[in-house]
Amino acid sequence: MFRDRTDAGQKLAAELGGLGLHNPVVLALPRGGVPVAAEIARALKAPLDLLIVRKVGAPGNPELAVAAMVDGDPPDLVLNREIVEAYGLDDAELRMLANRERPELERRRHVYRAGRPPIPVGDRTVILVDDGAATGTTMKVAIRALKRRSPREIVIALPVAPPSTLEELGREADKVVCLSQPARFLALGYHYRDFPQLTDDEMIAMLPKPEPLSKGSPPPA
């Protein structure tokens with residue numbers, strides 16, 4: 001059991017520090033992944049950024065993901081092909097479903113990034129971090145989107161996840177580092193003594209501040 005997300009991040013950083021990772025950049029899945037990732041970035045002296053994912057629900061069943069959008073310019077749409085085929089969705093229907101979710105993705109980008117441009121990941125080691133994973137669905141989508149951006153390698157960093165989820169993630173990523181792998185995985189909060197829900201403001205306060213604009217520079221998009 002971890003004391004809190006900060007404790008989990010410090011322990012993960014100790015494990016990752018011994019891997020000799022090339023030119024790392026740390027990407028957190030908000031909100032819960034941010035305090036874990038902040039400790040890793042601090043210890044490795046690596047830049048910290050976000051990877052924002054928004055689920056695209058099936059028609060009439062919004063909890064079932066037919067796809068997910070991953071923030072980018074433009075956003076990446078990663079399909080859950082089995083669900084797409086089960087619903088018989090064509091390209092036009094998928095675009096319509098995705099367009100419904102895009103405003104919320106853009107809202108989160110605007111609020112969470114606050115003018116910080118995304119850090120390029122090409123030819124860098126991406127350390128993708130969350131505070132734990134039950135099914136790993138969001139992280140799998142994130143990995144698939146990141147592969148399109150040509151990183152050198154993708155390393156998953158998790159405090160806790162069940163063995164079956166880690167096996168699936170290991171087929172997607174180059175490396176998986178997970179500190180606790182309980183065969184009986186309870187709700188994520190059971191693996192922490194202190195596991196508060198983070199607000200947007202609390203999460204944003206943990207991120208690097210935007211660089212001030214130099215005189216004559218255009219405002220960020």
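The bend at a residue is the angle between axes fitted to the seven residues ending there and the seven starting there. This definition applies to the kink shown in the view of helix H4 in this predicted model.

**View 1. Overall confidence of the predicted model.** The model is predicted, and the protein chain has a mean pLDDT of 92. Of its residues, 95% reach a pLDDT of 70 or more. Residues 213-217 have a pLDDT below 50, and this stretch has three contacts in the model beyond near neighbours in sequence. Where pLDDT is low, the predicted coordinates should not be read in detail.

**View 2. Helix H4 and its kink at Glu-101.** Helix H4 covers residues 91-113. At its N-terminal end, Asp-90 acts as a cap, with a side-chain oxygen 3.2 Å from the backbone nitrogen of Ala-92. Further along H4, a kink of about 35° lies at Glu-101, shortly before the proline Pro-103. Glu-101 is also one of the buried residues of H4. Just after the helix, Ala-114 adopts a positive phi of about 50°.

**View 3. The buried residues of helix H4 and their surroundings.** The buried residues of H4 are Leu-94, Leu-97, Ala-98, Glu-101, Leu-105, Tyr-112 and Arg-113. They pack against three strands of one sheet, S3, S4 and S5. Their other partners are strand S2 (48-50), helix H3 (81-87) and helix H7 (200-205). H4 as a whole lies across S3, S4 and S5 and runs at about 150° to S3.

**View 4. The antiparallel sheet S3-S4-S5.** Three strands form an open sheet in the order S3-S4-S5, and their pairing is antiparallel. Strand S3 (53-58) and strand S5 (76-79) are the edge strands; each has a single partner strand, so one side of each is left without a neighbour in the sheet. On average, neighbouring strands of this sheet are turned by 45° against each other, direction ignored. Six bridges join S3 to strand S4 (residues 61-70), and within this pairing Arg-54 has Met-69 of S4 as its bridge partner. Helix H5 also packs on the sheet, where it touches S3, S4 and S5. The direction of H5 makes about 125° with that of S5.

**View 5. Strand S5 and the hairpin from S4.** A hairpin of five residues joins S4 to S5. The two strands run antiparallel and are linked by four bridges. Ala-67 has Leu-79 in S5 as its bridge partner. Which side chains of S5 point to the buried face? Asp-76 and Val-78 point to one face and are buried, whereas Leu-77 and Leu-79 point to the other and are not.

**View 6. Lys-140 in helix H5.** Lys-140 is found in helix H5, which spans residues 137-147. Is this lysine buried or exposed? Residues under 20% relative accessible area count as buried, and Lys-140 is buried because its relative accessible area is 16%. Its side chain makes a polar contact of 2.5 Å with the side chain of Glu-168. Apart from residues up to four places away in sequence, Lys-140 touches Thr-135, Glu-168, Leu-169 and Glu-172.

**View 7. The parallel sheet S2-S1-S6-S7-S8.** Five strands form a second open sheet in the order S2-S1-S6-S7-S8, with parallel pairing. Its edge strands are S2 and strand S8 (175-180), each of which pairs on one side only. Neighbouring strands of this sheet are turned by 25° against each other on average, direction ignored. Helix H1 (residues 5-17) lies across S6, strand S7 (153-160) and S8. H1 runs at about 135° to S8.

**View 8. Strand S6 between S1 and S7.** Strand S1 (residues 24-28) pairs with strand S6 (residues 125-129) in the parallel sense over five bridges. Within this pairing, Pro-24 stands opposite Thr-125, and Ala-28 stands opposite Val-129. Five bridges also join S6 to S7, again in parallel; there, Leu-128 has Ile-156 of S7 as its bridge partner. How many of the five residues of S6 are buried? Five of five are, and both faces of the strand are covered. Thr-125, Ile-127 and Val-129 are buried on one side, and Val-126 and Leu-128 on the other.

Conventions
Residues numbered from 1 in each chain as written. Predicted model: local features only at pLDDT ≥ 70, side-chain atom pairs only at ≥ 80, totals over all residues. Heavy atoms only, no water. pLDDT = per-residue confidence, 0-100. Contact = heavy atoms within 4.5 Å. Buried < 20%, exposed > 50% of the residue type's maximum accessible area, 1.4 Å probe, protein only. Polar contact = N/O pair within 3.5 Å; in protein donor to acceptor, adjacent residues only side chain to side chain. Pairing = 2+ DSSP bridges. Axes fitted to C-alpha atoms, helices over the stretch in contact; angles between N-to-C directions.
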